[in-house]
Amino acid sequence: MNRKQRIMLIRIIVSAVIMVALSFIPSSGALRFVLYMLPYLIVGYDILLKAFKGIIRAQVFDECFLMAVATVGAIALALYERNGDYTEAIAVMLFYQIGELFQSYAVGKSRRNITELMDIRPDYANIEEGGKLRKVDPDEVETGSIIVVQPGEKVPIDGIVTEGESTLNTSALTGESLPRDVHEGDEIISGSVNMTGLLRIRTTKEFGESTVSKILDLVENASSRKSKSEDFIAKFARIYTPAVCLSALALAILPPVMNIITGNAGGWETWIYRALTFLVISCPCALVISIPLSFFAGLGGASSQGVLIKGSNYLETLAKTKIVVFDKTGTLTEGVFEVNGIHHSSIEDEKLLEYAATAESASSHPISKSLQKAYGYPIDRSRVFDIKEISGNGVIAKVDGKTVACGNEKLMKAIGAEAIPCHSIGTIIHIAIDGSYSGHIVISDRIKKGSAKAIEKLKKAGIQKTVMLTGDTRKVAESVASELGIDEVYSELLPSDKVDEVEGLLERKAKNEKLAFVGDGINDAPVLSRADIGIAMGAMGSDAAIEAADVVLMDDDPEKISKAIRIARKCLTIVYENIFFAIGIKLICLVLGALGIANMWLAIFADVGVMVLAVLNAIRALFVKKL
Amino acid sequence: MKKTYGIEVDCANCANKMEAAAGKTDGVKSCTVNFMMQRMTVEFQDGADKSSVMQEVRKNCKKVESDCEIFI
């Protein structure tokens, strides 16, 4: 509780005590009025002041104005009727302030909770100078500097370990509780906590470009992207308050005037009282606070599970997702390829592998890495030149003066070599040397452990269709799809074909069904941004993916997808509950108030009570661990 | 040109009102107020002088919500 809140609490208590005490002291007339004004002013002077300021600035219709008019009106009515019943006015003010206090406390508290969940911002970086460590602002560390991270400290900037061995806790980043071992030469991402040994790290990025900054940026800006529900509520509040105020005015004037016209007693007191009740109910606070709070809690809960969602609007889309499209490599499969066979080679297997690995040496594709790994020796890059990468098909390069073409059957066809098809399941790299076919290498990928379960969970969560897109051959694609239980497969796609396929799927689906694309962020940034919602997984360190995706899964566990969808659905359910609950109760109370059944006590419950309940309900969105 | 400022505002509806008021200020292209993070992100029109525009924004916000503060 901050100072402002503590003062408010004291004012509320003092005022409540005085009010209760006064009910035991018999008093009447002017003395009674003065005595009762004491608690009223203590608890409500700032509201009256604000309302007054608002009137001067022609800003009526704010809640202070409503409360001021309602309570002053009630007091005036009590004076006019000479019944000395001022308690109602005081109670309204008192409860209103209690509500405000609770709201600011609850919001502040949940804000702190959520920011603590994401407490990964490093405060300093250690730089070694003359044998001593100096703490500097991470912003000041230049790329390529050596920083020292002691046990217990956060890694402030992305880099490569140059010295030392340790275990890292990456749970704040990935939600993964298993610690990770790092050695010399390993890449290390900022935001993880060094647990055991001293590490020296050569930074590879500036602080602003480091993983931790990107994540913080993403999380902190998330609730600025507003959802449709939030926009709706903002618009609703704008119309609602003036509408209720005008109705209140009409309620105060029209019925008594009608009565007088028809020759009956006016009954001004009754109708003015009902109008004032109306004003008390009219405050839109419960709605305006609980909706953004629900989204905020949902986003916070998701990030605590390693699911970063870029905005409330995406939470909304995610909840409506009915079709999930996967990229195969690196998403459903490990993306770690192994050479499993070399067939039909016209030269020595070793030599064939050497040519392939050398020709592909410039590529960062996982396949080229696995070729290099299988080859096992360092590659002499001076032997290779004229590298032409033919997107989606392969590579043509000159190695030792020979033209080596490595790639799929299409590439072989293009250069006029006759490829021998392979019966093994996997990615087949055909190789032609100087235009004549020299054999092929079989590379296969492992399916991730969680993939099958992830698909099953998605189906259970009500996803209607799962689709897999891949650049791989039909045989591989179909075998993976049938093993995982995926409904539709599109294989042998170039990166640009993937966009076309997704566009086709988008056209065919119903309008209110949303399509999510899940990729690992390598080569699929265009598809990520084209889908209704792009989910990048295991994307830590891949800037393009973090930028293109709407949802970032911090580790590469595909089961997180269904979790993200369930978190989104829970959050949206809470949002709708709050909208219907708050608007519903208010409307009922408005009707009851107009009919004279609800008095001001009920009205203040409709305002404060609903707000408290809505806020408590909103906070539920934070608890998503067991989903 | 976008810039984010810290703000202090007590109620969510007031935050909405600040957003509307700031958005109408000359030199401001768009404005979003994030009540939960207590932050205001202002996108300025090209060539607008940020500090003088922000003074105006603060003035306009105080008009609709006397209790608010923007940390410029």
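Reader: Is the crossing of H1(A) and H2(A) left-handed or right-handed?
Author: In this predicted model, the two helices concerned are H1 (residues 3-22) and H2 (residues 29-56) of chain A. Their crossing is left-handed.

Reader: What is the relative direction of H1(A) and H2(A)?
Author: The axes of H1(A) and H2(A) lie 8 Å apart and the helices pack at an angle of about 165°. Angles over 145 degrees count as roughly antiparallel. H1(A) is therefore, with respect to H2(A), roughly antiparallel.

Reader: How many residues of the contact of H1(A) with H2(A) are nonpolar?
Author: H1(A) contributes Arg11(A), Ile12(A), Val14(A), Ser15(A), Ile18(A), Met19(A) and Leu22(A). These meet residues of H2(A), including Leu35(A), Tyr36(A), Pro39(A) and Val43(A). In the contact of H1(A) with H2(A), one residue is polar and one charged, while the number of nonpolar residues is 11.

Reader: Which helix gives the most to the side of domain 2 of chain A that touches domain 3 of chain A?
Author: Chain A is divided into domain 1 (125-221), domain 2 (307-325 + 448-569) and domain 3 (334-446). Between domain 2 and domain 3 of chain A, 10 residues of the former are in contact with eight of the latter. On the domain 2 side, three residues come from the helix that gives the most, spanning residues 474-484 of chain A: H16.

Reader: How many residues on the side of domain 2 of chain A that touches domain 3 of chain A are charged?
Author: The C-alpha centres of domain 2 and domain 3 of chain A lie 30 Å apart. On the side of domain 2 that touches domain 3, three residues are nonpolar and three polar, and the charged residues number four.

Terms used:
Residues numbered from 1 in each chain as written. Chains lettered and ligands numbered in written order. Predicted model: local features only at pLDDT ≥ 70, side-chain atom pairs only at ≥ 80, totals over all residues. Axes fitted to C-alpha atoms, helices over the stretch in contact; angles between N-to-C directions. Helix = DSSP H or I, 4+ residues; strand = E, 2+ residues; numbered from the N terminus. Parallel < 35°, antiparallel > 145°, perpendicular 65-115°, else oblique. Left-handed = near helix turned anticlockwise from the far one by under 90°. Contact = placed C-beta atoms within 7 Å. Nonpolar A, V, L, I, M, F, W, Y, C, P; charged D, E, K, R; others polar. Domains from an automatic or database assignment.
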